[in-house]
Amino acid sequence: MAISADVRHLFLGSAGIALITLPLWRWPSFSNSTTVALGYLIVVLLVAATSRLWVAVTTSIAAMLAFNFFFLPPVGAFVIADPHNWIALFAFLVVSLVASNLSAVARDRTRVAETRRDELARLLDLSRDVLLITDSDEAHARLAGFIARRFDLEYAAICMPQESEWAVFRAGPRELTLDPRDLSSAFASAEADHRFTPEGVSLIPLRLGTKPIGVVAAAGRPLEPGTFEAVAGIAAIALERAQFLDERKSAELARQSEELKSALLASLGHDLRTPLTAIRVAASNLQASWPSELERREQSDLILAEVDQLTRLFQNILEMARIDAGAVTEDMRWVAASEIVDAARSRVEHTLRGRNLRIAVESDRLARLDPRLTTAALSQLLENAAQYSAADLPIEVAATIDGSGLTLAVRDHGPGIPPADLPHVFERFYRGANAKRRRSGTGMGLAIARGILAVERGTISAENCADGGARFTMVVPAEVK
Amino acid sequence: MTRTMRILLVDDDVSIQRAVAPLLRSRGYEVDVVGTGAEATNAVSDKAPDLVVLDLGLPDLEGVEVCRRIRKQSKMPIVVLSARAGEAEKVAALDIGADDYVTKPFSAEELLARIRVALRRVSEAEAPEVERVEVGDLTIDYSRHRVVRGDDEIRLTPKEFELLALLARNADRVLTHRAILKAIWGPNAVDQPEHLWVLVAQLRKKIEPDPGNPRYLLSEPWVGYRLASSPLAP
């Protein structure tokens with residue numbers, strides 16, 4: 001491309017010289033040597049300003065020759081008789097040299113500026129890319145990928161020193177094997193500037209502050225040294241950031257688990273102490289001589305109810321612990337939806353006593369799933385519905401088996417779930433504003449249901465119905481026949 | 001006790017209501033039962049109970065806040081029920097003016113004893129100031145600043161006497177560290193409990209038969225001290 005552009009410029013210069021030469025030579029009365037020389041100078045200047053040095057020099061020699069041949073006595077011969085004409089020739093040469101040099105410098109600057117701009121844009125893109133890295137496990141590989149992509153490299157790699165060898169995270173189409181010795185020497189070099197391996201791979205140390213943490217390798221396209229350093233800087237920051245995010249994540253996890261523990265303790269504190277108090281006082285009331293027969297009956301009922309409550313709490317804690325420990329396994333069987341509903345109902349018979357339960361089972365098909373787990377989850381939903389709606393309001397249960405599995409929905413006609421509580425209802429020990437008034441819940445039921453559904457690869461969701469009440473829907477994916 | 005004492009039981013938990021209210025009635029108290037802090041403050045003005053048994057974990061208001069509201073209306077004794085393991089709330093309630101506390105799970109006798117002590121304090125406050133009081137085999141003579149066991153006088157420093165007298169005037173009732181510090185050293189000393197620990201240790205050496213195993217001056221861990229009027233058997 002550059003050659004043909006030069007040739008075109010040369011041709012245009014020659015044409016310009018011919019254009020000046022022909023009329024002035026044909027009609028000498030319009031010209032003297034000054035006008036001719038100035039005319040040639042314009043052509044030389046134009047060529048020099050737009051083209052490279054050798055084109056300008058060739059054009060100026062051509063102009064000088066034409067000047068000499070056509071206009072300087074003796075006309076028609078390449079002889080310079082008058083020493084003044086040497087000066088004219090020299091002037092052509094100087095003009096062409098200076099002008100083409102100036103233009104070359106200007107064009108070089110433009111080219112450098114464009115390269116810079118291009119690389120800056122790539123660096124900017126890279127720095128945006130690295131913000132996407134949030135997981136330190138894959139940070140190195142993704143970083144190498146981003147560098148290769150943004151700088152159109154055939155090979156880019158982030159190399160991290162391990163105990164005795166190098167972990168190389170590479171990207172780009174070219175397969176390369178880096179010599180560990182090259183990496184080690186780049187890693188250990190005191191200077192931040194880059195170096196080349198014999199295979200033409202550029203290496204630059206990755207530094208956090210002054211501490212080297214790895215090496216960046218790149219090949220396939222020359223990078224400005226400054227740019228390459230900037231890439232290494234961005235890479236180092238990205239790795240530090242990923243590491244920082246990781247630490248924050250684990251700190252967050254630790255905090256959550258702490259919160260969970262204290263929530264568990266607070267919840268157990270209340271859920272155990274209150275029934276224990278009631279049992280203790282009621283039992284001593286029974287021992288005393290004052291109660292009437294009716295009062296004795298009341299106190300013993302109270303004790304039985306509290307023991308039930310403690311038993312349920314204990315079962316829930318066990319269930320939760322089993323789910324947490326991953327000790328819950330599936331035991332698949334072919335079951336009908338009605339079996340699950342009946343089993344769940346009898347499981348929470350005590351809580352549902354006297355409640356108006358409306359059951360709609362809309363299918364005779366069988367689903368292959370773990371009846372024990374599904375029943376446990378459904379009974380938690382039934383218990384929840386009974387606890388959060390008044391005793392005279394109905395509870396509706398709908399069961400369907402379709403092509404994808406079993407869907408169970410439990411709907412109550414209570415006050416519904418306050419919108420602020422809706423995102424949290426499946427969290428352990430979360431008890432909504434309404435729940436604070438009732439002790440009967442353990443704050444674990446819905447979390448247990450969700451845990452069980454997770455084992456069954458199912459889903460559970462909560463919503464408020466338009467005409468009041470809350471609906472919980474659980475979907476258990478299953479083979480169906 | 002000539003007239004029937006009226007107790008307001010404030011607990012949102014139905015099972016506690018069902019167990020405790022008959023117990024109190026069986027001991028001759030008249031009992032009103034409410035389940036929220038708002039109802040409690042209303043009942044305090046409507047029913048004018050002689051004593052309030054207040055659960056700190058109410059659904060509508062912080063227990064400490066209920067305590068403060070009751071105290072604004074009246075000086076009637078408040079016995080706090082707490083289900084929390086943390087002592088901070090109990091101490092806050094006591095500092096605000098609750099008279100005593102019982103931690104769940106409590107026994108019937110524990111609660112009845114606390115109620116008796118709190119009611120006795122009221123009747124004593126109405127009685128003329130006594131000059132001397134007997135605690136176990138100790139006789140505390142307020143006017144002469146003397147403490148006698150049998151025929152032997154126990155020599156106490158002024159601060160030791162002040163502490164013993166303070167606890168004896170509130171016999172069987174827990175006093176928080178803060179309340180004791182404030183009464184003996186003044187409001188600036190409330191954050192310097194080490195004064196109190198030292199003083200209690202000195203006093204125990206002088207009045208307790210076995211200072212390592214106190215029978216009179218009892219610690220309520222993290223909360224305060226209580227002087228037992230009928231000392232525990234050795």
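Contact here means heavy atoms within 4.5 Å, and this sense applies throughout the following description of a predicted model.

In the nonpolar interior, L378(A) touches I340(A), V341(A), A344(A), L408(A), V410(A) and M474(A), leaving aside residues up to four places away in sequence. L378(A) and M474(A) are, together with L382(A), F472(A) and I115(B), the residues with the most contacts inside the largest nonpolar core, which has 76 residues. The largest share of this core, eight residues, is supplied by helix α11 (residues 371-387) of chain A, and at least three residues are drawn from each of domain 3 (259-322) and domain 4 (327-480) of chain A. Apart from this core lies another one of 31 residues, among them L123(A), V130(A), I147(A) and I234(A). In soluble globular proteins, nonpolar side chains tend to be buried together.

Two residues of chain A that are not glycines adopt positive phi values. The first to be described, D152(A), has a phi near 50° and is placed in the loop between α5 (139-150) and β1 (155-161) of chain A; because its relative accessibility is 47%, D152(A) counts as partly exposed. R457(A), with a positive phi of about 60°, is found in the loop between α12 (445-455) and β11 (459-464) of chain A, and its relative accessibility of 55% means that R457(A) counts as exposed.Turning to chain B, the chain contains eight helices and 12 strands, and buried residues make up 53% of its 234 residues. Among contacts in chain B with a separation of 6 or more, 57% are accounted for by residues 24 or more positions apart.

Within helix α1 (residues 14-26) of chain B lies Q17(B), which counts as buried because its relative accessibility is 19%, the limit for a buried residue being under 20%. The side chain of Q17(B) reaches the backbone oxygen of D11(B) at 2.6 Å. D11(B) is also one of the residues that Q17(B) touches, the others being L9(B), D12(B), P22(B), V33(B), V34(B) and G35(B), again without counting residues up to four places away in sequence.

Helix α4 (residues 88-96) of chain B has as its buried residues E89(B), K90(B), V91(B), A93(B) and L94(B), and these buried residues pack against α3 (63-73), β4 (78-82), β5 and β10 of chain B. Just after α4(B), a positive phi of about 135° is taken by G97(B). Further along chain B, the loop between β5 (100-103) and α5 (108-126) holds P105(B), which is joined to K104(B) by a cis peptide bond with an omega of about -5°.

Strands of a sheet pair through backbone hydrogen bonds, either parallel or antiparallel. In one open sheet of chain B, four strands follow the order β6-β7-β8-β9 with antiparallel pairing. The edge strands of this sheet are β6 (132-135) and β9 (152-154) of chain B, each of which pairs on one side only, and the twist from one strand to the next averages 25°. Strand β8 (residues 146-149) of chain B is paired with β9(B) in the antiparallel sense over three bridges, with V147(B) standing opposite I154(B) in β9(B). Helix α6 (residues 158-169) of chain B packs on this sheet, where it touches β6, β7 (138-141) and β8 of chain B, and the direction of the helix makes about 105° with that of β7(B).

An open sheet of three strands in chain B has the order β10-β12-β11, and its pairing is antiparallel. The edges are occupied by β10 (175-176) and β11 (217-220) of chain B, each with a single partner strand, so that one side of each is left without a neighbour in the sheet. The pairing between β10(B) and strand β12 (residues 224-227) of chain B is in the antiparallel sense over two bridges, and G224(B) in β12(B) is the bridge partner of T176(B). Helix α6(B) packs on this sheet as well, touching β10, β11 and β12 of chain B, and its direction makes about 70° with that of β12(B). Helix α6(B) thus touches strands of the four-stranded sheet and strands of the three-stranded sheet.

Notes
Residues numbered from 1 in each chain as written. Chains lettered and ligands numbered in written order. Predicted model: local features only at pLDDT ≥ 70, side-chain atom pairs only at ≥ 80, totals over all residues. Heavy atoms only, no water. Core = buried A, V, L, I, M, F, W, Y, C linked by side-chain atoms within 4.5 Å. Buried < 20%, exposed > 50% of the residue type's maximum accessible area, 1.4 Å probe, protein only. Domains from an automatic or database assignment. Pairing = 2+ DSSP bridges. Axes fitted to C-alpha atoms, helices over the stretch in contact; angles between N-to-C directions. Polar contact = N/O pair within 3.5 Å; in protein donor to acceptor, adjacent residues only side chain to side chain.
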